[in-house]
Amino acid sequence: MFVNDCLNVNAEGHLTIGGCDTVELAKKYGTPLYVLDENVIRSTCKSYVSSIEKHYNGNGLALYASKALSCKALCELAAEEKMGLDVVSGGELYTALKAGFPVEKIHFHGNNKTYDELNFALDNNIGKIVVDNLTELETINSLCVEKGKIQKIALRIKPGVDAHTHDFIRTGQIDSKFGFALETGEAMEAVKESIKLSNVELTELHCHIGSQIFDIDPFVTAAEIMMDFIRAIKDETSHIVTELNLGGGFGIKYTNKDNPTAYDNYMNSVSRAVHAKAEQYGIPVPFIYIEPGRSIVGEAGITLYTVGAVKTIPNVRTYVSIDGGMCDNIRYALYQSEYTVVTANKADKEPDTVVTVAGKCCESGDLIQENTKIVNAKPGDILAVLSTGAYNYSMASNYNRIPKPPIVMVNNGEDRLIVKRETYEDLIKNDIDL
Ligand SMILES: *Cc1c(COP(=O)(O)O)cnc(C)c1O
């Protein structure tokens with residue numbers, strides 16, 4: 001019935017998530033409220049881990065890309081599920097460290113890591129730094145010389161596969177701010193430079209071809225291109241790269257139009273492609289990393305809002321205003337992302353009215369969804385926006401000085417708070433008194 005398996009409708013006609021009544025959750029914690037189903041997150045983690053076991057002899061590690069939703073509880077959960085972790089900033093790294101995440105399983109990404117962030121990462125013995133550019137490579141090496149240590153690094157490569165289009169493109173992805181291009185020779189230069197430097201050890205190549213991808217083919221193509229490059233490196237320098245990171249980007253269901261492939265199929269196809277290339281080139285089968293973010297938490301999450309004003313402009317549209325908006329979900333304003341909206345307190349009724357769900361921020365573009373069909377909305381109704389687990393809380397802002405909503409984790413009918421609601425006091429805590 002719903003896009004997400006964890007959702008259902010109870011005898012009162014209320015939407016449930018993980019066996020909890022969403023209307024009761026809204027009452028208990030207030031709205032807006034992020035709700036995550038723990039079972040969904042854990043079983044998704046398990047399916048990635050087991051797909052590597054099954055199709056790649058366990059010779060790999062799934063890293064949770066924590067930018068999708070970073071908080072201590074999620075880092076702890078990822079560690080319990082035997083995942084590694086991607087961080088892209090000092091703040092995400094700090095969160096992981098405070099959660100006690102095993103440092104050797106952390107990868108540090110980003111196209112412009114600051115000097116302080118690199119220092120912080122090195123001082124905490126982080127497992128791998130994914131180097132984006134030559135400036136960074138030099139900085140890491142000289143910091144390591146000072147500290148008397150050797151840092152394992154990966155190089156971020158642009159494989160020239162752009163999977164954002166329907167028919168994915170194989171070349172012409174040079175114009176990206178991330179990483180070293182293959183076509184221009186820049187990537188090989190970076191490899192040679194890395195080998196020359198005394199205090200970095202190049203063990204891994206990384207690529208990430210996009211996000212919300214449903215096809216397997218672009219992943220397979222990217223894997224093959226990367227294996228070709230590993231061979232080219234061996235031929236030109238005799239250096240053997242032993243680890244291959246194929247990034248994240250696995251698509252999820254936002255609406256019934258989305259049709260993701262099982263992760264197993266992905267790993268099966270990629271594994272075959274990598275093994276075939278390794279055999280053909282006589283190079284070792286690399287240890288493999290994948291980096292799912294959205295697919296770990298996306299479908300597990302919903303956001304609950306309370307409807308305030310309902311404004312019908314005859315022959316134009318009906319605005320249903322909610323008590324959150326772009327401050328807790330900027331994805332429609334940013335890139336017209338599609339979402340499914342359900343009236344949580346009338347989830348047993350057929351949607352009958354086409355509306356625009358508008359936020360409360362002072363910005364005309366602050367919309368959550370346009371032309372979406374819901375049950376005729378009344379002030380006080382609870383709206384649930386589905387598949388908001390990824391890139392909602394993590395992209396939230398305090399625009400209009402609106403405190404960020406809390407996150408509640410549900411599991412088999414039990415609920416617990418994992419992130420508190422921000423208070424007005426939190427909002428002014430850094431303001432200096434004159
Ligand atoms: C964003 C990102 C991911 C995760 O992407 P999803 O689409 O959320 O799976 C993985 N790796 C890198 C390098 C990224 O930038």
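Here are some notes on the core, the salt bridges and the cavities of this structure, which is a predicted model.

1. Start with the nonpolar core. In general, nonpolar side chains in soluble globular proteins tend to be buried together. Here the largest nonpolar core has 113 residues. If you want to find your way into it, look for Leu-25, Ile-41, Tyr-64, Leu-74 and Leu-155, the residues with the most contacts inside this core. Helix α8 gives the most to it, with 10 residues.

2. That core also bears on the domain layout. It takes at least three residues from domain 1 (7–30 + 300–428) and at least three from domain 2 (38–294). Note that domain 1 is written as two stretches of sequence, 7–30 and 300–428.

3. On to charges. Side chains of opposite charge can pair when their charged atoms come close. The structure holds 20 salt bridges, and the next few points pick out some of them.

4. Take Glu-81 and Arg-42, whose closest N and O atoms are 2.9 Å apart. Glu-81 sits in the loop between α3 (72–80) and β6 (84–87), while Arg-42 belongs to helix α2 (residues 38–56), so this salt bridge ties together parts that are 39 residues apart in sequence. Both partners are buried.

5. Glu-136 and Lys-113 make another salt bridge, with 2.7 Å between the closest N and O atoms. Helix α6 (residues 134–147) carries Glu-136, and Lys-113 is in the loop between β7 (106–108) and α5 (115–123), so the pair ties together parts 23 residues apart in sequence. Glu-136 is buried, and Lys-113 is buried too.

6. Lys-277 pairs with Asp-228, the closest N and O atoms being 3.0 Å apart. This one runs from helix to helix: Lys-277 lies in α9 (residues 263–281) and Asp-228 in α8 (residues 217–237), so parts that are 49 residues apart in sequence are tied together. How exposed are the two partners, Lys-277 and Asp-228? Lys-277 has a relative accessible area of 14%, under the 20% cut-off, so it counts as buried. Asp-228 comes out at 30%, which means it is partly exposed.

7. There is a network to look at as well. Salt bridges that share partners join Glu-38, Arg-42, Lys-46, Glu-80, Glu-81 and Arg-416 into one network. The Glu-81 and Arg-42 pair from point 4 belongs to this network.

8. Now the cavities. The count comes to 2 cavities of 30 Å³ or more. The largest has a volume of about 100 Å³. Its lining includes Ile-213, Phe-214, Asp-215, Ile-216 and Phe-219, along with Phe-250, Pro-260, Tyr-263 and Tyr-266. By class, that lining has 9 nonpolar, 2 polar and 1 charged residues. Which lining residue is the charged one? Asp-215.

9. The second largest cavity has a volume of about 50 Å³. Among the residues lining it are Tyr-34, Val-35, Leu-36, Leu-69, Ile-302, Asn-392 and Ile-407. Which strands each supply at least two residues of this lining? They are β4 (33–37) and β14 (301–313). Strand β4 gives the most, with 3 residues. The lining here divides into 7 nonpolar, 4 polar and no charged residues.

Terms used. Residues numbered from 1 in each chain as written. Predicted model: local features only at pLDDT ≥ 70, side-chain atom pairs only at ≥ 80, totals over all residues. Heavy atoms only, no water. 1 Å grid on protein atoms, 1.4 Å probe; cavity = no way out; pocket = protein on both sides within 12 Å on 5 of 7 lines; lining within 4 Å. Points joined across faces, edges and corners; volume = space filled by probe spheres on them. Helix = DSSP H or I, 4+ residues; strand = E, 2+ residues; numbered from the N terminus. Salt bridge = Lys/Arg side-chain N within 4 Å of Asp/Glu carboxyl O. Buried < 20%, exposed > 50% of the residue type's maximum accessible area, 1.4 Å probe, protein only. Core = buried A, V, L, I, M, F, W, Y, C linked by side-chain atoms within 4.5 Å. Domains from an automatic or database assignment.
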